[in-house]
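Me: I'd like to go through some helix packing and ask why things get the labels they do. Can you show me the structure to start from?

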Amino acid sequence: MSVEPRIRQFLLNNYLFTDDDAALGNDDSLLQKGVVDSTGMMELIAFLEEQFAIRIADEEMVPDNLDSVNNIVAFLARKQPANDAQAGA
Amino acid sequence: MSLLARLARRVAQQPSAEALVHGAQRLSYGDLWLAIGAVSTHLRALRLPRGARIGLLLENSPCYVACYYGVHAVGGVVVPLNPAARAAELAGHLNHCSASALIVPAGHTELNALHAAAPAVQVLEAEALCSGGARVAFTEPVPEAPACIIYTSGTTGRPKGVTLSHRNLDINTRSILAYLPLSSADCLVNVLPFHYAYGNSVLHTHLIAGARLVLDRSMVYPSGVLQAMAAEHATGFSGVPSTFAMLLARADPAAHDLRSLRYLTQAGGGMSTDLAQRVRQAFPAAKLFIMYGQTEASARLAYLPPEQLDDKAGAVGIAVPGVELKIHDEHGREVAPGVSGEIWARGENIMLGYWNDPDATRQVLAHGWLKTGDLAHRDHDGYIYIDGRRSEMIKCGAHRISPQEVEEVIAQLDGVDDVACTGIPDELLGEVVKAVIVQRAGGSLSAKAVQRHCRERLPPYKVPRAVAFVEALPRTASGKVQRYLLRDSDHTKGERDVSKGTEYASR
């Protein structure tokens, strides 16, 4: 599975508890929409670090990197340009 | 004197000093006063009766602050509500206090459902109320009149609205300022929601003292909070234990210039001595104030003077000025040092009662004393140590969750025969909700289906992080659920599907 559907599946399963793909748009703000709260963000970070074998620095925890599916996908692409999308899968 | 009158005095003293910072928005005390004037002018035009209850459903923002004081300026009672709550819970609270109006941001997602569930409540858009600017004209309220109703438990069956008077709020604000002196030179980066008692008291103490409040949305981006503290030369920061745990786990205080930081406050549940120690090491220049209180006491009941942190590690300290604390046994007799009993509190900060609920009020208020439900002992110097809580409330981060409220929602699900909820320990949040469910014969409910059902009806923090299915709930001979046993693995035997917060597949 490529990066985007894996992120979506994680968010839908663990924060919205649904399989309904329409429940979350790729540009939706995770914070504004109430998808993640502060603990949800900690879990999201742990998930990304483990699944994509990356280390997210404290200062990288900013909305530009993490506040939507698209932001996360772009952030991961920047974090692991050499790796292929299946890293850590 | 009311908080509004004290704020008026502050505005006259320092109109151009900054009061609130929110993103790019910076309001001086003069600006804030004009915004309060705008809100009160709009509200006055509605000709609401004095004492009208007005719901406030807003995230922390300058508009929240203007509306809070604007409601007081027209003699209204503020009912701060949780912006993450869903329509059913909100309507339960608004109907319970017969609210006349509700202030919401334009386009709030729950508006239609709210209108259906609470048709008598007039909906007012916050942006329109705060627009413009006007002189504040107000009559000083009667000190004993209700100023604020804070709902502490969301049970749809029986909401408990802690009713605080103008005097309660004023007295407690001044008690806090007596042990935590603040001035117009102070600046606090605030992540605590204003709609809870702790955030409410942080708001009032800082504004009355003429300090600057920087409103940060939450702890979602911990490093951003430290950045804001450095950029604004913050002198203070307040949190619940999980706020500090997150800050230390996901941000590095040493990487920021926090030399101006001089005080930290902690309340909202016991902080482990280990975490307190780590906080002190991470912020060596700041004094840490460990505090204890209850919404029923406006906010604050006790504090530990920072210089006693080592000698009295683990204590919540001594009574705040103007408050008496006693520890009683079940017969109402004061116990000796070292003996555990219930904390009783007396002072002018103790609530008027629970709104429209004399029975619930009588259970906790007697002869001027508040029975806190918290178990504690004193040492020989009179310092208080919390031993436990009689209350069944689940303490999750800054939130208090009534197990009944989650149970009621789960009980609506088809296939649920019986359900009970309890708090289970969580490293970061203190506690999270665990639901234990007895399925009807042949039922095929999954943990995820239960969580989804809850997520659609409850704010995220109330959704059970663990769901267990059992054959029967542990009950006493009289049929009462023994919640403390729900945590035990013995009673979750036969689980078909258990999901824990640490497992990604099933949050």
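**Two helix pairs in chain B**

Reply: Sure, and keep in mind that this is a predicted model. Helix H10 (residues 241–250) of chain B and helix H11 (residues 273–282) of chain B have axes that come within 10 Å and cross at roughly 55°.

Me: Why are H10(B) and H11(B) called oblique to each other?

Reply: The crossing angle is roughly 55°. Roughly parallel needs an angle under 35 degrees, and roughly perpendicular runs from 65 to 115. The value fits neither, so the pair counts as oblique. The crossing of H10(B) and H11(B) is left-handed.

Me: Which residues of H10(B) and H11(B) meet?

Reply: From H10(B) come B:Pro241, B:Phe244, B:Ala245 and B:Leu248, and they meet B:Leu275, B:Arg278, B:Val279 and B:Ala282 in H11(B).

Me: What makes the H10(B) and H11(B) contact nonpolar, polar or charged, by class?

Reply: It has seven nonpolar residues, no polar ones and one charged. Arg counts as charged, so B:Arg278 is the charged one.

Me: How do you know that H13(B) and H14(B) are roughly perpendicular?

Reply: Helix H13 (residues 403–411) of chain B packs against helix H14 (residues 447–457) of chain B at an angle of about 115°, their axes 10 Å apart. The roughly perpendicular range is 65 to 115, so this pair gets that label. Here the crossing is right-handed.

Me: What makes the contact between H13(B) and H14(B)?

Reply: H13(B) brings B:Val406, B:Val409 and B:Ile410, while H14(B) brings B:Val450, B:Cys454 and B:Arg457. By class, that's five nonpolar, no polar and one charged residues.

Technical notes. Residues are numbered from 1 along each chain as its sequence is written. Chains are lettered from A and ligands numbered from 1 in the order in which they are written. This is a predicted model: local features need pLDDT of at least 70, side-chain atom pairs count only at pLDDT 80 or more; totals for chains, interfaces and linings use all residues. Axes are lines fitted to C-alpha atoms, for helices over the stretch in contact, and angles run from 0 to 180 degrees between N-to-C directions. Helices (H or I, at least four residues) and strands (E, at least two) are DSSP runs, numbered from the N terminus. Angles under 35 degrees count as roughly parallel, over 145 as roughly antiparallel, 65 to 115 as roughly perpendicular and the rest as oblique. A crossing is left-handed if the near helix is turned anticlockwise from the far one by less than a right angle, and right-handed if clockwise. Two residues are in contact if their C-beta atoms, placed from the backbone, lie within 7 Å.
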